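Reader: Could you take me through the reasoning behind the labels used for this model? I would like to see each value set against its cut-off.

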Amino acid sequence: MLWRKLLVPLASLMLLLTASAGAGAAAASTGSLAGSSAEAAAADYGAPGPYATAVEVGAVTTLYYPRDIATSDRRHPVIVWGNGTFAFPVVYRELLLHWASQGFIVAAANTPQSNLGISMRAGIDLLTRRNADQASPFHDRVDLEHIGASGHSQGGAAAIVVGADPRIDTILPIQPGPLADIDNVHVPALLLAGQKDSIVFPFLVKAFYNDADHIPAIYGELRGADHLTVVGDPGPFAAPTTAWFKAHLMGDQTARAQFFGADCGICTDSGTWSDVRRNGLASQ
């Protein structure tokens with residue numbers, strides 16, 4: 001099967017990576033429940049964010065989040081994550097911690113078979129309970145009105161599947177596998193491919209984009225990236241994924257300008273992107 005090609009390289013990488021929590025660039029900054037100066041602290045979305053980070057490994061979900069969330073004076077948006085085949089959240093640790101350092105709570109499904117999206121939805125349910133629990137450090141600090149879905153490979157397909165959930169506000173599938181139907185998605189989508197991906201070929205990701213004419217959709221093909229570029233150090237994937245979620249879940253207008261408007265940032269960055277396409281709804 002196509003997905004079984006991932007087993008050997010991902011298993012090897014899992015042995016090299018650790019599950020310990022890394023720290024973000026600095027301690028959590030202050031702000032209001034409606035917004036925070038931390039959101040606009042760095043125009044370089046690929047740089048570490050202003051929040052120190054923590055990790056909580058559970059039976060179904062691993063949480064990556066701002067370490068001082070209990071004393072934060074704002075609510076933090078959520079990203080639910082799906083892994084590639086035979087992979088676990090630790091494989092994508094650096095990317096998920098990067099998002100947490102930028103102020104997001106990442107609920108990563110622990111399953112190596114995420115395509116149905118069940119465990120990703122369970123992450124939303126978990127954070128809903130934690131947000132309501134007065135004894136939890138997450139109490140009243142989870143922004144359940146702003147939730148995005150992302151994932152890699154099979155998990156990218158799962159992000160499309162989960163995009164049909166009415167609680168989701170945007171999706172960002174990374175090199176998504178083919179077992180999903182984007183016709184069921186009714187939120188904006190950024191579909192990422194790798195120029196040199198020989199497992200999920202770019203034309204497979206373009207097929208999702210071409211079928212997404214009912215939603216604002218953008219296709220981005222990262223120059224030189226293969227299927228495992230996002231694993232470990234996320235490299236060129238860190239900045240655009242962070243900017244997309246900041247635009248849609250935090251209302252960051254600088255980040256939004258990377259994707260929308262006449263001067264769309266990724267549209268002219270030929271050094272990073274080998275192909276960028278925006279459909280009619282995204283171009284308006």
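Author: Happy to. This is a predicted model, and a good starting point is the surface, where Asp181, Asp183, Asp211 and Asp213 gather in a patch of negative charge.

Reader: What makes that patch one of negative charge?

Author: The members named are Asp181, Asp183, Asp211 and Asp213, and Asp counts as negative. Like charges are joined into a patch within 9 Å, from residues with over 30% relative accessible area and no salt bridge.

Reader: Why does Asp181 count as partly exposed?

Author: Its relative accessibility is 36%. Buried means under 20% and exposed means over 50%, with partly exposed in between, so Asp181 counts as partly exposed. Asp181 sits in the loop between β6 (170-174) and β7 (189-194).

Reader: Why is helix α2 described as largely enclosed?

Author: Eight of the nine residues of α2 (residues 93-101) are buried, so the rest of the structure largely encloses this helix. Among the buried ones are Leu95, Leu96, Leu97 and Trp99. Just after α2, Gly103 takes a positive phi of about 105°.

Reader: How do you know that α6 is mostly covered?

Author: The count shows it: 11 of the 12 residues in α6 are buried, including Trp244, Phe245 and His248. The helix covers residues 238-249 and reaches 16 Å from its first C-alpha to its last, close to the 16 Å expected at 1.5 Å a residue. Just after α6, Gly251 has a positive phi of about 70°.

Reader: What makes the pair Arg130 and Glu56 a salt bridge?

Author: Their side chains meet at 2.6 Å, N to O. The cut-off is a Lys or Arg side-chain nitrogen within 4 Å of a carboxyl oxygen of Asp or Glu, so the pair qualifies. Arg130 is in helix α3 (residues 118-132) and Glu56 in strand β1 (residues 53-57), 74 residues apart, so this pair links distant parts of the chain.

Reader: How do you know that Asp165 forms a salt bridge with Arg121?

Author: Their closest N and O atoms are 3.4 Å apart, and the limit is 4 Å, so this pair counts too. Asp165 also meets Arg167 in a salt bridge, at 2.9 Å, N to O. Arg121, Asp125, Asp165 and Arg167 are linked in a network of salt bridges.

Reader: Why is Asp165 called buried, and Arg121 partly exposed?

Author: Asp165 has a relative accessible area of 9%, and under 20% means buried. Arg121, at 24%, falls between 20% and 50%, so partly exposed is the label.

Notes:
Residues numbered from 1 in each chain as written. Predicted model: local features only at pLDDT ≥ 70, side-chain atom pairs only at ≥ 80, totals over all residues. Heavy atoms only, no water. Patch = residues over 30% accessible without salt bridge, like charges linked within 9 Å, V, L, I, M, F, W, Y side chains within 5 Å. Areas by Shrake-Rupley, 256 points an atom, 1.4 Å probe, with all protein chains shown as cover. Charge placed at Lys NZ, Arg CZ, Asp CG, Glu CD. Helix = DSSP H or I, 4+ residues; strand = E, 2+ residues; numbered from the N terminus. Buried < 20%, exposed > 50% of the residue type's maximum accessible area, 1.4 Å probe, protein only. Expected span 1.5 Å × (residues − 1).
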